[in-house]
Amino acid sequence: MFWQILVVAIAVAVVAWLWSNAVHNLSVRRISTGFAFLGREAGMPIADSWIDYTPKNTYLRAFIVGVVNTLRVAVIGIVLATVIGTLVGIARLSSNWLLARLAAVYVEVLRDLPLLLQLLFWYVLMQGLPAARQAWKPVDGVYLSNRGLVLPSVPLHAANDWTLVALAAGVIVFLIVRRRLIAQQMLDGKARPAWPYALGLIIALPALVSWLLGASWSVMLPELRGFNFVGGLTLAPEYFALLIALVTYTSAFIAEIVRSGIQAVPRGQSDAAKALGLKRSFVLQHIVLPQALRVIIPPMTSQYLNLTKNSSLAVAVGYQDIVSIANTTLNQTGQAIESIALIMMVFLTISLGISLFMNWYNARIALVER
């Protein structure tokens, strides 16, 4: 205990000395410290924002926009990278020779190229697309040009929001009910269908809420007016290039994690299931993957953290995430320590949140010895 207290005291003393030294040097150079600058008018334009913002807003509002933009990349990127990586990892174990080789090429090429190089490649590719007037139109209402990807959208109102909340609640309750039905089946061997609960909770409940509140689900199709599109949902080329680069790069590593996790499950498990006449898809979903998750989750957490931190490369293509906005704020105000501290705090908070959730999930699926 004595040595632990001594080590902690030394660490605190070093940090306190560094801080006091920094504050003294800043005061000698007449550089103000503190976070009071967050209340001043920012004066910086932010082109891509999901929340209302104008240059007349404060630096605090600009930082909030940067956090939202970072979360846009991190959350959507994690979901897409997980789906693609899982599919590619399973494809690498396919008995189809061509499919397995294509998956292997995908993994080996993408994970061996630097992420920054891939990001610049996708951004240059986006800039090389035709102008808005000659935009590619793969399907009706979808446009791809050097202005980005334009998709149809549904204007959201309060009634729509409550309908989505009802949908999310229905999905959560259904998963709980389905888990309970499976547990009862494990006890008595009697199969209980889950589709009536899915029909009621996931379809009927949101439909009822939407009807009661009078929600409108009209689809807004984008239209070309002048040199740009009006209406719909626009994914800027900077955001689209960053998202593609992060998803493809991270999914290559996730594919190898999934492949190794599946191969870590004893082959006798799948052989026994096949001997009972079970389908390969059922064996993979209900026998192999649940056991493989115990091997997959820890390294998968590291990939989620890597994707989140790698999103800071957005400055290379001009996407205004928290790092880009903090850099602009630093240049305008000279508050270097405070701006860097805010970046660190944001990424630390997001990373700790991901780690806590994944550790909780890993504990839930861990094998418990009796």
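This passage describes the fold, surface, aromatic pairs and selected residues of a predicted model.

The protein chain contains 11 helices and 5 strands. Its C-alpha trace spans about 80 × 75 × 50 Å along the principal axes. Of its 370 residues, 35% count as buried. Contacts were examined between residues at least 6 apart in sequence, and 68% of these join residues at least 24 apart. The exposed area of the protein chain is about 22300 Å², of which carbon and sulfur atoms supply 68%. Charged side chains number 27 positive and 15 negative, and the centres of the two sets lie 7 Å apart.

The count of aromatic pairs comes to 6. One of them is formed by Phe121 and Trp122, whose ring centres are 5.4 Å apart. The planes of Phe121 and Trp122 stand at 70° to each other, and the pair is edge-to-face because an angle over 60 degrees is assigned to that class. Phe121 has a relative accessibility of 49% and is therefore partly exposed, since the exposed class begins over 50%. Trp122 is also partly exposed, at 25% relative accessibility.

A further aromatic pair joins Tyr239 and Tyr319, with 5.6 Å from centre to centre and 45° between the planes. This pair of Tyr239 and Tyr319 is classed as tilted, because its angle is neither under 30 degrees nor over 60. Tyr239 belongs to helix H7, which covers residues 237-264. Tyr319 lies in the loop between helix H9 (280-310) and helix H10 (322-333), so the pair ties together parts that are 80 residues apart in sequence. Both Tyr239 and Tyr319 are buried. The ring of Tyr239 has another partner: the charged end of Arg72 sits over this ring, 4.2 Å from its centre.

Four further residues were examined one by one. Leu120 is located in helix H4, which covers residues 115-127. With a relative accessible area of 35%, Leu120 is partly exposed, because this value falls between the limits of 20% and 50%. Residues up to four places away in sequence being set aside, Leu120 touches Ala316 and Val317. Leu120 and Leu110 are 10 residues apart along the chain, and their C-alpha atoms are separated by 14 Å.

Val15 has its place in helix H1, which covers residues 2-28. The relative accessible area of Val15 is 54%, so this residue is exposed. Between Val15 and Val265 there are 47 Å in space, C-alpha to C-alpha, and the two residues are 250 apart in sequence.

Ser210 and Thr301 both count as buried. Ser210 is part of helix H6, which covers residues 195-213. Its relative accessibility is 11%, and Ser210 is therefore buried, since the limit for that class is under 20%. Apart from neighbours within four places in sequence, Ser210 is in contact with Thr163, Ala215 and Trp217. Thr301 is found in helix H9, and its relative accessible area of 9% places Thr301 in the buried class. When residues up to four places away in sequence are not counted, Thr301 touches Ser355 and Met358.

Definitions and conventions
Residues are numbered from 1 along each chain as its sequence is written. Side-chain values use heavy atoms; hydrogens and water are left out. Rings of Phe, Tyr and Trp (its six-membered ring) pair if their centres lie within 6.5 Å; planes under 30 degrees apart count as stacked, over 60 as edge-to-face and the rest as tilted. Buried means under 20% relative accessible area, exposed over 50%, partly exposed in between (1.4 Å probe, protein chains only). Helices (H or I, at least four residues) and strands (E, at least two) are DSSP runs, numbered from the N terminus. A charge sits over a ring if NZ of Lys or CZ of Arg is within 6 Å of the ring centre and within 35 degrees of the ring normal. Contact means heavy atoms within 4.5 Å. Accessible areas come from the Shrake-Rupley method with a 1.4 Å probe; for residues, only the protein chains shown count as cover. Lys and Arg count as positive and Asp and Glu as negative; His and the chain ends are not counted. The place of a charge is taken as NZ of Lys, CZ of Arg, CG of Asp or CD of Glu.
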